[in-house]
Structure formats: C-alpha cells, structure tokens
Amino acid sequence: MEGTFGNSYFALANKGGFKMNSLYRTMFFVPGNDPHKIVKAEVYRPDCIVYDLEDAVSITEKDSARILVKHALEEIRPDIRVGVRINGIDTPFFEEDVRIITPLCPDFLRLPKTEKPEEVQLLDKLISEIEQKNNITVGTIKIVCTIETALGVYNAYKLATASSRVLAIGLGAEDFCTDMKTTRSADCEELRYARGKIVLDAHAAKVLALDFVYSDIKNTEGFLKNVLEAKQLGYTGKSVVHPDQISVVHECYGATAKDIEHAKAVLAAYDEATANGSGVIALNGKMIDAPMVTRAKDVLAYAKEAGVTYEG
Amino acid sequence: MLEGEKQMEFSEKAVVAGTDKKGDVRLTLEVFPNQSENKIVIESKVLAKYGKQIESVINKMLEQYKLAGVYLHAIDQGAFDFTWKARLETAILRWQTKVVSK
C-alpha cells in the first residue's frame, strides 16, 4: 500500500541514493552569485539548497554565477542535498548552465518556466549525454519542473511524467500571475486552481509537489497560514527564500507527539487484530481501515526521517 | 605579489569580476602578452595570515590558463578559496572573450 506521502514519497526522494534525510520539506533558494550566502546557507539546515542561476542573477553576471556555483559544488558542497536552478530553455544560458553544472553531480536541476513535455525530454537527453561522458550513472541527476504559465499548469501531469528523472513539480507564482494577467493577493485566490491542479497532478504522477515561494518575508502569520494550507492540500514541501521560513515549514510538516502516539496506537491495534485473526479493527471505539494504517505508517516513517525519536 | 600598492594602470581592455560584498573579491585583470612577469596587487585585511594561500591560488589559476604578463588588482572582502578561483576564472574567461577572441 502507498500513502499520501508515505512509501511512494520515500521511494521517490531516495531515487538518487541520497545520504541525507529523504524529506524535501524545504527547498532553500540561495543567489548563485553571492559567495557569502552560499557559504552560510548550510547553517540553516534546510532539507535542500537550490543555488539560483536564474532570477537572482543579473543578465550581466550569468557567467560569473555559473562559475561560482561550479567551484562551490567542487569545494564546499554541504552535507545537504543541493540542486541548481538553471536558466530557461529559451535563454542563451541554458545549455552552458547544464554543461558546466551537470558534471558536478547536483542532486537535481530545477528547470524554470517549464511548459511542454518536450522541454523536459530535451533536458533529460542533455543530462544523459553529460552523465555518460563523466562516468555518472545515467539517471542520477533529477529534474524539478517549475511551472510558471497557464500552459504549464494545463500540462502539469504531462510534465511530471515526461521523464523518469522528474522528482518534483511546483508552481512559480509570480510569473504565473503575470501570464494570467493578474496580480498576487494576500489570500492567494488567484492561485487556487493552479495550486490544486499541480498537487493533484504531482500525486497522480507519483512525484513530489512543491508549493510556491511566499515572498512577503515579514508576514510570519500569513506565511504560517500559507504553509498549513499547502500541507492540507497534499503538498510535500515548499520553496523558501528566507532562513526564518525554514523552521516554520519543518515544524508544520513534522509529526507532533500526538500524531506519533496515535499512529503507534493504530498500528498496535492493527497488529493485535491481525494476530487474533479478527476481521474488524477498532481503536477507542472507532473503526480502523486500511488507509488509516497506511497513514500511521507514513507518520512514523516521516518522523524518523525528520529525526524525531520515539519508542516502539 | 605586491602589498600596499593600490594604484595600477589598466587600459580599456581590462575586465572586472566579483563584487565588494562580504565574502567576495573584486578583481581587475588585464594581460599583456608581450610581458613575461605578472604584477599582482592585493588589498585584504587577511593578507598577513592568508597571503601565501591566496598567492598560491592565483598562481595555480594563471598556470592552468598558461597566462603571463598578467596585471591583477584584487580587493578582498574575506573570500574563501573557492570564490578566489571562481572570480579568477571569470576574469580570465571574460578577458579571453573580450580580447583574445577579437
């Protein structure tokens, strides 16, 4: 059985044989041309760091950022998973980004403005060529698709299934609003459909669903609400741009002591009923069915990955 | 490597890489192919402690690109080795693009 973020989730996150925890609760964006921020990022302990070569880098410094990230990956690679957001396929920087960064074996390349499955396949092909030339097992480096247009949202499932390398899909809210001829609002009403479709398509395709960046950094209350909404929708993690956002996301996505106790009780009741050959399982007067057992297993597996210790 | 000398004469062919931000180093570089010696000026608060290390990083990078006659002015804001290497490589590639390829 597979749960909402359980067995399939961990299998996915471990596709690359990561040595770290297999959660992708936070993807922390770090400007690719800022050495101080690159060095410091690890200290905040996100689940994953993304060196950004795209929006955070001015057009005159694309070469400089690419070379800086190359040397950072070579010499000070953190003990956290690392990805690189490359420039879009329609830019003159795309191919050089892929050619320079791929041999350094980042955990994934994050492709902006992904709209069509052919784009994912083109990136897949290019990565495969470079992996082969550099004696990297083909398929090691994953792809994360950022969807930032109406067409991209429309094609989300096709993008997620365009290559076995696709690890996750997520919405890029600012560009999406521009494409939709609308603007961001506090309650994110304009993103409701896209947010819902992307998380659905991600789960249908068995890839991770990453929620969008919340850029109003000072609005901690709004951020917390936004994270909880995403989690409730089924998102498995969030892109973040400020260190203060990391612990909030980890806390929201972490299993509470109450969750863990309940999960343990569900599994204990299930094990007892199975041992006794009982057809009906109940806990505190409530029926326990298969999805509840799956969710209980997910909670304990997730807590373990997040470093929460518990007995039993 | 020259310390303390802050004036270097560059032509319009010189290239710049890096910034004055914390943890970075800003380089101005020009190559005079008809000269054999390098002239390197570094402004850094950590020169006394890390000068040899910085010099070694610079020399290795210049050797890697087989460059001589290099004029290099660096203003260091506490850059790590990886940043020095990256900014040097950027400056060299920019110079090649700007001058050599034309």
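This report describes the two protein chains of a predicted model, beginning with their overall build and then turning to particular helices and residues.

**Overall build of the two chains**

Chain A contains 13 helices and ten strands. Its radius of gyration is 20 Å, close to the 20 Å that the globule rule gives for 312 residues, so chain A is as compact as a globular protein of that length. Measured out along the principal axes, the C-alpha trace of chain A spans about 70 × 45 × 35 Å. Of the contacts in chain A with a separation of 6 or more, 70% are accounted for by residues 24 or more positions apart.

Chain B has a secondary structure of two helices and five strands, which follow one another along the sequence in the pattern β-β-β-β-α-β-α. A compact globule of 102 residues would have a radius of gyration near 13 Å, and the 13 Å of chain B agrees with that expectation. The C-alpha atoms of chain B fill a box of roughly 40 × 25 × 25 Å along the principal axes. Among the contacts in chain B between residues at least 6 apart in sequence, 81% join residues at least 24 apart.

The table sets out burial, surface and charge for each chain.

| Chain | Buried residues | Accessible surface | Carbon and sulfur share of surface | Charged side chains | Distance between charge centres |
|---|---|---|---|---|---|
| Chain A | 52% of 312 residues | about 14,200 Å² | 54% | 37 positive, 45 negative | 2 Å |
| Chain B | 45% of 102 residues | about 5,700 Å² | 50% | 16 positive, 14 negative | 6 Å |

**Two helices of chain A**

Helix α3 of chain A runs over residues 62-75, and its 14 residues reach 20 Å from the first C-alpha to the last, close to the 20 Å expected at 1.5 Å a residue. This helix, α3(A), is mostly covered, with eleven of its 14 residues buried. Those buried residues include the apolar-named positions Ala65(A), Ile67(A), Leu68(A), Val69(A), Ala72(A) and Leu73(A), and also Lys62(A), Arg66(A), Lys70(A) and His71(A).

Helix α13 of chain A, residues 290-305, has 16 residues and reaches 23 Å between its first and last C-alpha, close to the 22 Å expected at 1.5 Å a residue. The buried residues of α13(A) are Val293(A), Thr294(A), Ala296(A), Asp298(A), Val299(A), Leu300(A), Tyr302(A) and Ala303(A). After α13(A) comes Gly307(A), whose phi is positive, near 85°.

**Loop residues of chain A**

Two residues of chain A other than glycine also have a positive phi, namely Arg45(A), near 50°, and Lys181(A), near 60°. Arg45(A) belongs to the loop between α2 (35-40) and β2 (48-52) of chain A, where its relative accessible area of 42% makes it partly exposed. Lys181(A) is found in the loop between α8 (173-179) and α9 (192-205) of chain A, and with a relative accessible area of 75% Lys181(A) is exposed.

A further loop position is Thr137(A), between α5 (117-133) and β5 (142-147) of chain A. Thr137(A) counts as exposed because its relative accessibility, 60%, lies over the 50% cut-off. From Thr137(A) to Ala56(A) the separation is 81 residues in sequence and 31 Å in space, C-alpha to C-alpha.

**A buried strand residue and a loop residue of chain B**

Asp211(A) is placed in strand β7 of chain A, which covers residues 208-211. With a relative accessible area of 1%, Asp211(A) is buried. Leaving aside neighbours within four places in sequence, Asp211(A) is in contact with Arg195(A), Asn226(A), Ala230(A), Tyr235(A), Gly237(A), Lys238(A) and Ser239(A).

In chain B, Phe10(B) sits in the loop between β1 (2-3) and β2 (15-17), and its relative accessible area of 25% makes it partly exposed. Residues up to four places away in sequence not being counted, Phe10(B) touches Thr28(B), Leu29(B), Glu30(B), Tyr71(B), Leu72(B) and His73(B). One of these partners, Tyr71(B), is 61 residues from Phe10(B) along the chain, and the C-alpha atoms of the two are separated by 8.0 Å.

Note on methods:
Residues are numbered from 1 along each chain as its sequence is written. Chains are lettered from A and ligands numbered from 1 in the order in which they are written. This is a predicted model: local features need pLDDT of at least 70, side-chain atom pairs count only at pLDDT 80 or more; totals for chains, interfaces and linings use all residues. Side-chain values use heavy atoms; hydrogens and water are left out. Helices (H or I, at least four residues) and strands (E, at least two) are DSSP runs, numbered from the N terminus. The radius of gyration is taken over C-alpha atoms; the globule rule is 2.2 Å times the number of residues to the power 0.38. Buried means under 20% relative accessible area, exposed over 50%, partly exposed in between (1.4 Å probe, protein chains only). Contact means heavy atoms within 4.5 Å. Accessible areas come from the Shrake-Rupley method with a 1.4 Å probe; for residues, only the protein chains shown count as cover. Lys and Arg count as positive and Asp and Glu as negative; His and the chain ends are not counted. The place of a charge is taken as NZ of Lys, CZ of Arg, CG of Asp or CD of Glu. The expected span of a helix is 1.5 Å times one less than its number of residues.
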